[in-house]
Amino acid sequence: MIELETRELEYFLAVADELHFGRAAVRLSIAQPALSKAIRRIETRLGVPLFLRSSRRVELTPAGEALREHGRHALNAVGAAVRNARRAGDTQAHLRLVIKPGGDAGLLSGILAGYAHQPDARRVDILFSGPADRSDFLRDGRADVGLLYAPFDDLDGLAHETLHTEDRVVIVPSGHRLAGRAAVHLSDLEGETLPRWKGVPGGDGTGPEVADVVQMLHMITVSRMIGVLPRSLVEPAPDGLVCVPVTDAPPSRLVLAWNEQDRRPLVASFVAAALTAQVRSDAPRGSHTTATDAVVAAT
């Protein structure tokens with residue numbers, strides 16, 4: 001059985017990311033000759049070349065591409081295992097919840113209040129993240145539970161429970177051709193400029209790149225694009241903007257998610273509290289993310 005040490009994987013992934021031995025060495029804080037020697041040692045052990053080297057460039061071979069994909073997952077899994085082992089032995093560990101800013105559909109205060117009555121309740125640290133990596137927070141152990149939106153967030157490898165289902169709306173400037181409509185269809189949006197979400201590959205957006213809803217709403221206000229979002233993220237609409245229901249857009253589901261391999265009582269207790277908090281899908285809006293026992297950590 002061929003084995004690679006985690007440090008060797010770190011070395012390989014640094015070169016695979018940078019495609020430059022000098023930059024990778026600086027990133028790793030080691031000498032370039034030592035890094036080159038380590039990579040050659042890995043290639044010898046595996047019996048395949050991982051990089052094509054020339055005086056002008058460094059490229060990954062097919063074997064290198066495969067190791068980059070699976071090696072990153074393996075390294076993340078090791079890191080998550082270490083973090084979870086430490087947390088499992090820490091009886092005072094906080095519970096960490098990852099969420100997008102405003103992305104609780106007005107439900108979080110009720111969930112936290114219900115959880116606070118659990119006999120084993122812990123302090124809840126709230127981690128705000130961008131549009132692309134909330135699922136990764138749960139997979140690699142940076143967060144214990146998360147509020148995600150399906151079908152937009154990747155739920156692969158995550159257990160989840162639906163807390164709220166809602167329709168989606170298109171947000172347009174008040175003078176837009178669709179602003180006076182009672183409802184629209186997806187076909188009505190053809191030819192319109194939609195945002196590109198930072199860190200999210202693919203998608204149909206051709207407009208400016210945005211990192212969050214606040215940036216998107218600003219770009220809509222100045223007529224650079226329109227956007228389609230779950231209703232709770234944008235209502236009540238800011239001045240100068242109008243929300244119009246998109247009747248044939250798939251509904252959005254707010255889900256409570258956690259790593260499907262995570263069996264810790266810390267997580268089970270929070271999930272149970274959330275599911276028994278009698279949260280209604282028509283909960284009052286405007287009560288986003290406010291709780292005295294939550295610590296906000298911007299990421």
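A residue counts as exposed when its relative accessible area is over 50%, as buried when that area is under 20%, and as partly exposed in between. With that in hand, let us walk through this predicted model, starting at a residue that puts the cut-off to use. Serine 29 has a relative accessible area of 67%, so this residue is exposed. Serine 29 sits in the loop between α2 and α3, just after α2, and takes a positive phi of about 60 degrees, although this residue is not a glycine.

The loop between α1 and α2 holds another such case, leucine 19. Leucine 19 is not a glycine either, yet has a positive phi of about 50 degrees. Its relative accessible area is 35%, which makes leucine 19 partly exposed.

Now step onto the helix itself. Helix α2 covers residues 21-28, and Phe21, Gly22, Ala24 and Ala25 are buried there. Why do these buried residues line one face of α2? Looking down the helix axis, you would find them within an arc of 165 degrees, so they line one face. Their packing partners are α1 (6-18), α3 (32-46), β1 (51-53) and β2 (58-60).

Next comes the largest nonpolar core, which has 40 residues; Ile171, Val234 and Phe270 touch the most other members. Helix α8 (residues 265-275) gives the most to this core, contributing six residues. Which residues does phenylalanine 270 contact, leaving aside its neighbours within four places in sequence? They are Leu95, Ile111, Leu112, Tyr115, Val124, Val145 and Leu256. Apart from this core lies another, of 20 residues, including Tyr11, Phe12, Val15 and Ala25. You have already met Ala25 as one of the buried residues of α2.

Turn next to the second largest pocket, which holds about 440 Å³ of space. Its lining is made up of 18 residues, and His73, Asn76, Ala77, Arg139 and Asp140 lie nearest the centre. The elements that give two or more residues to this lining are α4 (62-88) and α6 (134-139), and α4 gives the most, with nine. Sorted by class, the lining has nine charged, six polar and three nonpolar residues.

Finally, have a look at two cis peptide bonds. One joins alanine 150 and proline 151, with omega at about 10 degrees; proline 151 belongs to the loop between β5 (145-150) and β6 (158-166). Another joins glutamate 235 and proline 236, where omega is about 0 degrees. You will find proline 236 in the loop between β10 (227-230) and β11 (241-245).

Conventions. Residues numbered from 1 in each chain as written. Predicted model: local features only at pLDDT ≥ 70, side-chain atom pairs only at ≥ 80, totals over all residues. Heavy atoms only, no water. Core = buried A, V, L, I, M, F, W, Y, C linked by side-chain atoms within 4.5 Å. Buried < 20%, exposed > 50% of the residue type's maximum accessible area, 1.4 Å probe, protein only. Helix = DSSP H or I, 4+ residues; strand = E, 2+ residues; numbered from the N terminus. Contact = heavy atoms within 4.5 Å. 1 Å grid on protein atoms, 1.4 Å probe; cavity = no way out; pocket = protein on both sides within 12 Å on 5 of 7 lines; lining within 4 Å. Points joined across faces, edges and corners; volume = space filled by probe spheres on them. Nonpolar A, V, L, I, M, F, W, Y, C, P; charged D, E, K, R; others polar. Arc of directions from axis to C-beta.
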